Structures are given as C-alpha cells and as structure tokens.
Amino acid sequence: MKQVLEVTTSAKTIADDDLGKVISARAETTITLPAAGAGKVVTIRVGGAPVTAGGAKGATNPVGVKVTGSVTGLGASGTLSLNKAKAVVGDEITLVSGAATWYPVNVKGAWAVA
C-alpha cells in the first residue's frame, strides 16, 4: 500500500479519504479524528515550522499537536496531545481504530492521553 504525506498548517478534520495517510503538522494545530470504525489507520507526525532568519539551513522548529476524538491507551482515555516543549521534529504516532475507540501504536515522542 502506498503511503501519502499530507502537510497541514491549520486545524484538520480527518475524513475517510485521509485514512492511511501521514498527516504532517507544520504549525500548532488540532486534528480531529473521525468516528471509530474497525480497521481505520492514520499517522500524525510533527513536521515543524521553518526557522527564523539566520537558522540552520533546512532546520525546523517543533510544534505542538492536539488530537481530539476517542483515544484509549498510554495509560488513559480521552484526548491525545504532544506539548511543544516536549516535541521533536519527527515525533509521530500511528492510530488504529477498533469498533469504538482509537488506539495508539508505533509511538515516537512524548505523546500523552488525558
């Protein structure tokens, strides 16, 4: 299966045609998951934002990401988030949906569910 990268710089609601994509957040953003349904998969990555003038060529600054929807895992149930202070460009999480909730798998970074 071919994996597609989609860059977002604003709030994003995942639609069924976004499933299977890697969503790269390049700005502080909120991503809303669709209703749970067995077999749905989406990956969310911290893409960062361009550095200010004088920064290293090609470098990026990490951004924070909030994911709303029913997520169960990482010791809690609720909203998934990655605080900018703890973020590193390249942090990512893959979410797989069961019948009633989303479950985090392949977690890289300090993501938390609260």
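Where does Lys21 lie? These legends start from that residue and then move through other parts of a predicted model.

**View 1. Lys21 and its surroundings.**
Lys21 sits in the loop between S2 and S3. Lys21 counts as buried, with 18% relative accessibility. Leaving out residues up to four places away in sequence, Lys21 touches Val4, Glu6, Val42 and Thr43. One of these, Glu6, also appears in the next view.

**View 2. A salt bridge between Lys12 and Glu6.**
Here the side chains of Lys12 and Glu6 come together in a salt bridge, with N to O at 2.8 Å. Is Lys12 buried or exposed? At 14% relative accessibility, Lys12 counts as buried, because the cut-off for that word is under 20%. For a reader new to such pairs, it helps to recall that side chains of opposite charge can pair when their charged atoms come close. By the rule used here, the count of salt bridges comes to six.

**View 3. Lys40 meets Asp16.**
Now look at another salt bridge, formed by Lys40 and Asp16, whose closest N and O atoms are 3.7 Å apart. Lys40 lies in the loop between strand S4 (29-32) and strand S5 (41-46), while Asp16 lies in the loop between strand S2 (12-13) and strand S3 (22-25), so the pair ties together parts that are 24 residues apart in sequence. The two partners have their own surroundings: Lys40 is buried, with a relative accessible area of 18%, whereas Asp16 counts as exposed at 55% relative accessibility.

**View 4. Glu92 and Arg45, and a salt-bridge network.**
Which residue forms a salt bridge with Glu92? The partner is Arg45, and the closest N and O atoms of the pair are 2.7 Å apart. This pair links distant parts of the chain, with Glu92 in strand S10 (residues 92-97) and Arg45 in strand S5, 47 residues apart. Glu92 is buried, with a relative accessible area of 19%, while Arg45 counts as partly exposed at 28% relative accessibility. Elsewhere, salt bridges that share partners join Glu6, Lys12, Asp18 and Lys21 into one network.

**View 5. The largest nonpolar core.**
How many residues does the largest nonpolar core have? It has 20 residues, and those with the most contacts inside it are Leu33, Ile44, Val65, Val67, Leu80, Leu95 and Trp111. Each of S3, S5, strand S8 (65-73), strand S9 (76-82) and S10 supplies at least two residues of this core. Trp111 is a good place to pause: not counting residues up to four places away in sequence, Trp111 touches a set of residues including Ile44, Val46, Val65, Val67, Leu80 and Ile93. Glu92 and Leu74 are also among the residues that Trp111 touches.

**View 6. The hairpin of S10 and S11.**
S10 and S11 form a hairpin with four residues between them. The two strands run antiparallel and are joined by five bridges. Start with Glu92, whose bridge partner in S11 is Lys108. Next comes Thr94, which has its place in strand S10 and is buried, with a relative accessible area of 11%. The side chain of Thr94 makes a polar contact with the side chain of Thr43, at 2.9 Å. Leaving aside neighbours within four places in sequence, Thr94 is in contact with several residues, among them Val41, Val42, Tyr103 and Asn106.

**View 7. Trp102 in strand S11.**
Trp102 has its place in strand S11 (residues 102-108). At 0% relative accessibility, Trp102 counts as buried. The C-alpha atoms of Trp102 and Gly78 are separated by 9.8 Å, and these residues are 24 residues apart along the chain.

**View 8. Two residues with a positive phi.**
Most residues other than glycine have a negative phi, so the backbone here deserves a second look. Leu74 is not a glycine, and yet Leu74 has a positive phi of about 55°. Leu74 lies in the loop between S8 and S9 and counts as partly exposed at 42% relative accessibility. Asn106, also not a glycine, has a positive phi of about 50°. Asn106 lies in strand S11 and is exposed, with a relative accessible area of 61%.

Technical notes: Residues numbered from 1 in each chain as written. Predicted model: local features only at pLDDT ≥ 70, side-chain atom pairs only at ≥ 80, totals over all residues. Heavy atoms only, no water. Salt bridge = Lys/Arg side-chain N within 4 Å of Asp/Glu carboxyl O. Buried < 20%, exposed > 50% of the residue type's maximum accessible area, 1.4 Å probe, protein only. Core = buried A, V, L, I, M, F, W, Y, C linked by side-chain atoms within 4.5 Å. Contact = heavy atoms within 4.5 Å. Polar contact = N/O pair within 3.5 Å; in protein donor to acceptor, adjacent residues only side chain to side chain. Pairing = 2+ DSSP bridges.
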